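Me: I'm new to this structure and would like to get to know it. Could you walk me through it with a few questions and answers?

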Amino acid sequence: MSTDGDGGDGDEGPAADVHRLVGVRGLADSWLGAEDARAAYRDLVVARRFDERAMALQRRGWMSGYPPHAGEEATGVGAVHAMRERDWLVPYYRSNAAQIARGVPMADLLLFRRGYPEFHSGEDHRVFPQAIPIATQLPHATGIAMAADYRGTDEAVVVHFGDGATSEGDFHEAVNFAGVFDAPVVFCCENNGWAISHPRERQTAAPTIAAKAEAYGIDGRRVDGNDPLAVRETMTDALAAARDGRPVLVEALTYRRGPHTTADDPDRYRDGDADEGRAGDGGSLPDWRTADPIDRLEAFCRGEGVLDDGDVAAIHEAAETAVREAVETAEAVGRPDPDELFDPVFAAPTPELERQRADLHDFLSRHDPYELER
Ligand SMILES: Cc1ncc(C[n+]2csc(CCOP(=O)(O)OP(=O)(O)O)c2C)c(N)n1
């Protein structure tokens, strides 16, 4: 697939450039099988349930903030299902679904949000910590890929980021380096139509995010980001190319349904009804706002005879149990020590850091940050 995204006639237009499976083909027209579809469904359901419980935990003051991913699960799940065990995942703050699919304990993800720095990573699963600053993880991903290449391994790297991140200098440096040094990395952009209050069409004048690949001499591809099977196909091809020294920029089209984070109120800057085709091109592509990845995959799997009522009920029940146990594990850990925020920053703390530590202790002596906890 090319980076072409600026219209054209008939099948040459942007819609034709978007790789899809659900709603377009059957499993018989893919190398994926019944168990692949079931596995994708299981991971989507767990990730959605995690998101719902995490939102509720934040609302009752258990953690200070949370960036929901409802509706975007398929991009992370599909990408992770394309990875090999020894590949590396470099996530950002909206990548919980990818991390869960990769095996990072859900309790750890919750405890990271609770304020425990030691619970931020997934070393056992070759998952880096979630990047909170925009795009800083991209040069890291290229560096990890270059290191894997120098060491002569066959490992590749998948890095996730939003559409807003593609406007950062770090994006340019990371993709440029990857192109020049043939780094085995796949840049997987989760284009959810918004960067907080900034809509996609104000983010870049480029016709698509994938089109940006051309400037770096690498391949750019677009995929239905609400279809984990299409994402898996695209990412599998992209990872094969990356292992061959040809990095790829993948643009997964999806939609941020909820607020940017629990601190955000999207009603102040967007009108859901007028938001049609924000991530896509209008016309023949699904409406990303309502094309729910779970509903779509479930209907697809039922049609393929891959899931029935009993399977669906069992998968939802197992997800409920897994998330409940993760929440119980996290809740049992107690409250983090605020000094842990400062201790790992420098070997010897700077005067400014000590001033900030004193300010925090002063604040905590006057306010109870856990007053909402029940
Ligand atoms: C370097 C940096 N600049 C600004 C911010 C504030 N910020 C947090 S999220 C965000 C928008 C990011 O949007 P996008 O990359 O599209 O990802 P999304 O949140 O939509 O998944 C911004 C500007 C930040 N975290 N880091």
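Me: How are helix α5 and helix α6 oriented to each other, roughly parallel or roughly antiparallel?
Reply: Keep in mind that this is a predicted model. Helix α5 covers residues 137–150 and helix α6 residues 169–180, and their axes lie 8 Å apart. The angle between them is about 15 degrees. Angles under 35 degrees count as roughly parallel, so α5 and α6 are roughly parallel.

Me: Which kind of residue, nonpolar, polar or charged, makes up 8 of the contact of α5 with α6?
Reply: From α5 come L138, P139, A141, T142 and A145, while α6 brings D170, F171, E173, A174, F177 and A178. In this contact 1 residue is polar and 2 are charged. The kind that accounts for 8 is nonpolar.

Me: Which strands stand at the edges of the sheet?
Reply: The open sheet has 6 strands with parallel pairing, in the order β1-β7-β8-β4-β3-β2. An edge strand has a single partner, so one of its sides is left without a neighbour in the sheet. That describes β1 (18–19) and β2 (88–90).

Me: What is the bridge partner of L89 in β3?
Reply: β2 and β3 run parallel and are joined by 3 bridges. Helix α5 packs on this sheet, touching β2, β3 and β4. In β3, L89 has as its bridge partner V158.

Me: Which elements give two or more residues to the shell around the ligand?
Reply: The ligand is surrounded by 16 residues, with I134, G162, G164, A165 and A195 the closest. The shell divides into 8 nonpolar, 4 polar and 4 charged residues. The elements giving two or more are β3 (157–162) and β5 (194–195).

Definitions and conventions: Residues are numbered from 1 along each chain as its sequence is written. This is a predicted model: local features need pLDDT of at least 70, side-chain atom pairs count only at pLDDT 80 or more; totals for chains, interfaces and linings use all residues. A residue is near a molecule or strand if its C-beta atom, placed from the backbone, lies within 6 Å of it. Helices (H or I, at least four residues) and strands (E, at least two) are DSSP runs, numbered from the N terminus. Ala, Val, Leu, Ile, Met, Phe, Trp, Tyr, Cys and Pro count as nonpolar, Asp, Glu, Lys and Arg as charged, and the others, Gly among them, as polar. Axes are lines fitted to C-alpha atoms, for helices over the stretch in contact, and angles run from 0 to 180 degrees between N-to-C directions. Angles under 35 degrees count as roughly parallel, over 145 as roughly antiparallel, 65 to 115 as roughly perpendicular and the rest as oblique. Two residues are in contact if their C-beta atoms, placed from the backbone, lie within 7 Å. Two strands pair if DSSP finds at least two bridges between them.
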